[in-house]
Amino acid sequence: MNRRGLILSVLALGVAGFGGATWFATRPGPVAEAEPVAPELADAMIRPYSPILGPAEAPVTIVEFFDPACEACRAFHPIVKDIMAEHGDAVRVVIRYTPFHGAASEEAIRVLEAAHMQDVYVPVLEAVLREQPRWASHGAPAPGLILQIATTAGLDAEAARTQMLAPDVVAILNQDRADVETVGVRQTPTFFVNGKPLDPFGEAELRRLVAAEVAAAQS
């Protein structure tokens, strides 16, 4: 559950798999000119292993501190995809794992990293988020449920069982936890655009900040 202490508004999602109203955190008002994070935090924002959605060389980078078990992350996923589609090759998204929901989050992250190894990250991410209410609503998911969901999106389950326990995956979980603490992330999703924190938080504010960075990159 998103712990962001902001006003909750209903986000009506007209996207398949997202029927009905979904709550997301927002706050009105214009986006102030944000300062990038301090240089000493730059390394903690993006790691070489971090999954990237979109063109690797895009001039505008959205870093999303993301928990696959977070309802607000699920609600914002189609918004982020729409922003990427709007700006084409100018925008990429870097995913940083933020396992605030305990065992369910960690298992989903392990499945996603297996999908990363198998080059089916995006379809598995879509499936895991689409089916989130099945596995994330009541604490620990049924054994094997997330993996079962991922196999419908092309994941090789037999290979994934080994990959999920690989030392590299353990190292990624540990490093992302450390980076969450270093950056000071306290809720999900948390966004940075070219190193600038999204504050105030909301869909309109995210769209404006990305658009401003794209315009600056193209000027």
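Biologist: What is the relative accessible area of D119?
Modeller: In this predicted model, local features need pLDDT of at least 70 and side-chain atom pairs 80 or more, while totals for chains, interfaces and linings use all residues. Residues are numbered from 1 along each chain as its sequence is written, and side-chain values use heavy atoms, without hydrogens or water. D119 counts as exposed (over 50% relative accessible area; buried is under 20%, partly exposed in between; 1.4 Å probe, protein chains only), with a value of 69%.

Biologist: How many helices and strands does the chain have?
Modeller: Of the 219 residues of the chain, 50% count as buried. Helices (H or I, at least four residues) and strands (E, at least two) are DSSP runs numbered from the N terminus. The secondary structure comes to 9 helices and 7 strands.

Biologist: Where does D119 lie, given its positive phi?
Modeller: D119 is a residue other than glycine, and its phi is near 60°. Its place is in the loop between α3 and α4.

Biologist: Which other residue has a positive phi although it is not a glycine?
Modeller: The residue is in the loop between β6 and β7. At 28% relative accessibility it counts as partly exposed. Its phi is about 50°, and the residue is N194.

Biologist: What is the span of helix α8 from its first C-alpha to its last?
Modeller: Helix α8 covers residues 167–183, which is 17 residues. The expected span is 1.5 Å times one less than the number of residues. The helix is close to that expectation of 24 Å, and its own span is 24 Å.

Biologist: Within what arc do the buried residues of α8 fall?
Modeller: The buried residues of α8 are V169, I172, L173, D176, D179, V180 and V183. They line one face of the helix, because down its axis they fall within an arc (of directions from the axis to the C-beta atoms) of 135°.

Biologist: Which residues on the other side of α8 are exposed, and what do its buried residues pack against?
Modeller: On the other side, P167 and E181 are exposed. The buried residues make contacts (heavy atoms within 4.5 Å) with several elements. These are α1 (42–45), β4 (60–66), β5 (91–97), α3 (103–117), α7 (157–163) and β6 (190–193).

Biologist: Which residue with a positive phi follows α8?
Modeller: Its phi is near 90°. The residue that follows the helix is G184.

Biologist: Which prolines are joined by cis peptide bonds?
Modeller: One cis bond follows T188, with omega about -10°, and its proline lies in the loop between α8 and β6. The other follows D199, with omega about 10°, and its proline is in the loop between β7 (196–197) and α9 (203–218). The prolines are P189 and P200.

Biologist: At what angle do the axes of α2 and α4 cross?
Modeller: The axes of α2 (residues 71–87) and α4 (residues 121–130) come within 10 Å. R74, H77 and K81 in α2 meet L125, E126, L129 and R130 in α4. The axes cross at roughly 140°.

Biologist: Is H77 buried or exposed, and what is its relative accessible area?
Modeller: H77 is found in helix α2. Not counting residues up to four places away in sequence, H77 touches L125, E126 and L129. H77 is buried, with a relative accessible area of 9%.

Biologist: How many Å separate the C-alpha atoms of D156 and A114?
Modeller: D156 lies in the loop between α6 (145–151) and α7, where it is partly exposed at 39% relative accessibility. D156 and A114 are 42 residues apart in sequence, and their C-alpha distance is 8.9 Å.

Key:
Axes are lines fitted to C-alpha atoms, for helices over the stretch in contact, and angles run from 0 to 180 degrees between N-to-C directions.
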